[in-house]
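Visitor: Please give me a close look at a single part of this model, the second largest pocket, and then follow the strands and sheets from there.

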There are 2 protein chains.
Amino acid sequence: MSVVGQGQRIFLDLTQQLRSGELKPGDKLPSERFLAESYHVSRATLRDGLQRVADQGLIYRANRRGWFVAPPRVRYQPAIEPNFHQMVSAAGGRPKTQTLEKRIVPATATIAAMLDVDENTLVFYLRRLRYIDDRAVCCAESYVRADQVPGLLDCNTDGSMTEIYQQQFNKTYGKIDIQLYPTALNQQIAEALLTVEGASALLIKRLNKGLDGQVIDYELEWWCHDAITVCFSGGV
Amino acid sequence: MSVVGQGQRIFLDLTQQLRSGELKPGDKLPSERFLAESYHVSRATLRDGLQRVADQGLIYRANRRGWFVAPPRVRYQPAIEPNFHQMVSAAGGRPKTQTLEKRIVPATATIAAMLDVDENTLVFYLRRLRYIDDRAVCCAESYVRADQVPGLLDCNTDGSMTEIYQQQFNKTYGKIDIQLYPTALNQQIAEALLTVEGASALLIKRLNKGLDGQVIDYELEWWCHDAITVCFSGGV
DNA sequence: GAGTGGTCTAGACCACTTC
DNA sequence: AAGTGGTCTAGACCACTCT
C-alpha cells in the first residue's frame, strides 16, 4: 500500500506550504470550496486533508470562521510552572484570562472525593478562558475549597490564581498531582473555545495541595491540543 | 444552537450503550452499513458519529477490520515507572513486547543533539511494539548510546529495557525528561499499530539519563491515545 | 445579501479480510 | 466468493459570518 490517496496528497502539500513559511501563524486559509477546486477534489476529501493537518497541530478550525494557521506550541510545565501568564509571556506570546463564571456550588460526589470534603459541602466554582494572542486555547474549570481561601470570589480572577493564593491568603502550592487525557470537546467547552463539538483536545486534571498537604483546589483544563507541548521531569 | 445533529445523536447513543455495558471491551461493533441503516443515516454520517466516540477513547478502529470497544485506559506514570510489563500487569492486563527492528545507525543531527554525542556517531536503534491483551497500543523507537550499554543488541529486547540496563550493565535511570504531544500517526507507525494513517495518537518523547547525569537513551513512544492516562506529580 | 462552513445524502469503486 | 472498510464524488440545504 504505497499508493497515496487524495486526502494524504493534500495533507502533504499543505504541510509543505506551512513548513516553508508560505503560510504564517494566524493566517486564514482560503475557503474550502476554493481549495477543493484547486486540488480537483470534492469538498469532503478536501476536509479530510485539512483534518489531517489539524491533527498534527499545524492548523486549527474556528467554528464557522474557517481554518487558520496555528502558532508554534507553547511549552507547558504544569508540575513546576502553573502560572499561565508567565509561561506565555516567556514564549513571546500575549496571554489573557477571562473569567466566564464564578459561583458557590455544593460539591458533587466526585468533586467532594477529590477535594477531601463531605458531599454537598459548598465550594467555589470558577470557569475561565485562557487566551494566547487573542485565541482562546484553554477552558479551565476550578473547584476550590472555601475553607482554604475564603473570599476568593471577591478577588479579580483574571490573573494568576497562584499569585492570589500567595498574596491574599499566604498559601503556596505543595504537591501537584496531574492526569492527562487526550479526548474530545463537549458542546459547552467547544463553544467557549470558538471551535466545534468533538474537536480533539487535551484534558489535564490537576489536584493542587498546599504545603501542609491539604487540598486547595481541583482543576480541569481543556486545551486545544495544538497550543501546547506538555513537559515534565522525573527520577533523580 | 441546541439542535443535535445526526452525528451527535449517534455519538450519544453509542456512548450510552458503552457505558451501560451492552457492549464490552474487545467486542466488535456491527458493520458500518448495518449501523448506518439502523440509524437511518448515510455511511458518511455514521462514520462521523463513530469518529466522535473514538475521539473520546471509547472505541478504536483497526484498519480494514472494523470498530472495536476499547478497554479501560491504563495508568501510565512515565516519570517514575518506566516498566511497561509491570504497569500493564498491575492493571490486570496481559503485556507483550515485540522487537520489530534493531540496528546500528549513525546519529542524525537531531538525535546526536539529544544523546549529547557527535553527529554520525554510531548508536543503537530499536523499534518495538507494545501490546495490551494482544492489541498493539504503542510503537516505540529507541536511540541508545552504544558507549553506555555496549552489546545491547545481543540481548533479548522483548522485555523491559530498564531491567536489561540494570542486570546486564548495572545502569539505572536517574533523571528523565519527558515531552508530550497529541498528534497523528504517520503511515509507518499506523501500519505497525494496525490502524490508519492520521489516527490520533499521543507522542511521548523521553530523554533518559543515568545516575551520573550522562544520557543513556532517547525514546519516541507513539501511543494509541485511548490506551493510557498519563499521570505525574510535581511540587514538594 | 453573498459567501462560507456545518451537515448530510446516495451513491460509486476498489482492496482487503473473512469465510 | 461475499462482505466489509477505505476512499471518493457531486451534489444539497441551512445557518452563520462577513462586509
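Guide: A pocket is an open set of points, on a 1 Å grid over the protein atoms alone, where a 1.4 Å probe fits and protein lies on both sides within 12 Å along at least five of seven lines; its lining residues have an atom within 4 Å of a point. The model is predicted, so to speak of local features requires pLDDT of at least 70 and of side-chain atom pairs pLDDT 80 or more, while totals for chains, interfaces and linings use all residues. Residues are numbered from 1 along each chain as its sequence is written, chains are lettered from A and ligands numbered from 1 in the order in which they are written, and side-chain values use heavy atoms, with hydrogens and water left out.

The second largest pocket holds about 590 Å³ of space, a volume being the space filled by probe spheres set on the points, which are joined across faces, edges and corners. Its lining consists of 25 residues, and those nearest the centre are Arg19(A), Gln56(A), Gly57(A), Leu58(A) and Arg73(A). By character the lining residues divide into 15 nonpolar, six polar and four charged, where Asp, Glu, Lys and Arg count as charged, Ala, Val, Leu, Ile, Met, Phe, Trp, Tyr, Cys and Pro as nonpolar, and the others, Gly among them, as polar. Helix H1 (6-19) of chain A, with strands E7 (173-184) and E8 (200-210) of chain B, each give at least two residues to this lining (helices of at least four residues, H or I, and strands of at least two, E, are DSSP runs numbered from the N terminus). H1(A) contributes the largest share, six residues.

The two chain B strands of the lining lead into an open, mixed sheet of eight strands, ordered E3(A)-E10(A)-E7(B)-E8(B)-E9(B)-E6(B)-E5(B)-E4(B), in which two strands pair if DSSP finds at least two bridges between them. Strand E3 (74-76) of chain A and strand E4 (95-106) of chain B stand at the edges with a single partner strand each, so one side of each has no neighbour in the sheet. Within this sheet, E8(B) and strand E9 (215-224) of chain B pair antiparallel over nine bridges, with Leu207(B) opposite Tyr218(B).

Another open sheet of eight strands, also mixed in its pairing, runs in the order E4(A)-E5(A)-E6(A)-E9(A)-E8(A)-E7(A)-E10(B)-E3(B); its edge strands, E4 (95-106) of chain A and E3 (74-76) of chain B, each pair on one side only. Strand E7 (173-184) of chain A has nine of its 12 residues buried, so the rest of the structure largely encloses this strand; buried means under 20% relative accessible area, exposed over 50% and partly exposed in between, with a 1.4 Å probe and protein chains only. E7(A) pairs antiparallel with E8(A) over 10 bridges, Asp177(A) standing opposite Leu207(A), and six antiparallel bridges join E7(A) to strand E10 (228-235) of chain B, where Gly234(B) is the bridge partner of Ile176(A). E8(A) in turn pairs antiparallel with E9 (215-224) of chain A over nine bridges, Ile204(A) having Glu221(A) as its bridge partner.

Tyr181(A), a residue of E7(A), counts as buried at 17% relative accessibility. Leaving aside residues up to four places away in sequence, Tyr181(A) touches Ala201(A), Leu202(A), Leu203(A), Lys205(A), Arg73(B) and Thr229(B), contact meaning heavy atoms within 4.5 Å. Leu203(A) is 22 residues from Tyr181(A) in sequence, with 5.0 Å from C-alpha to C-alpha.
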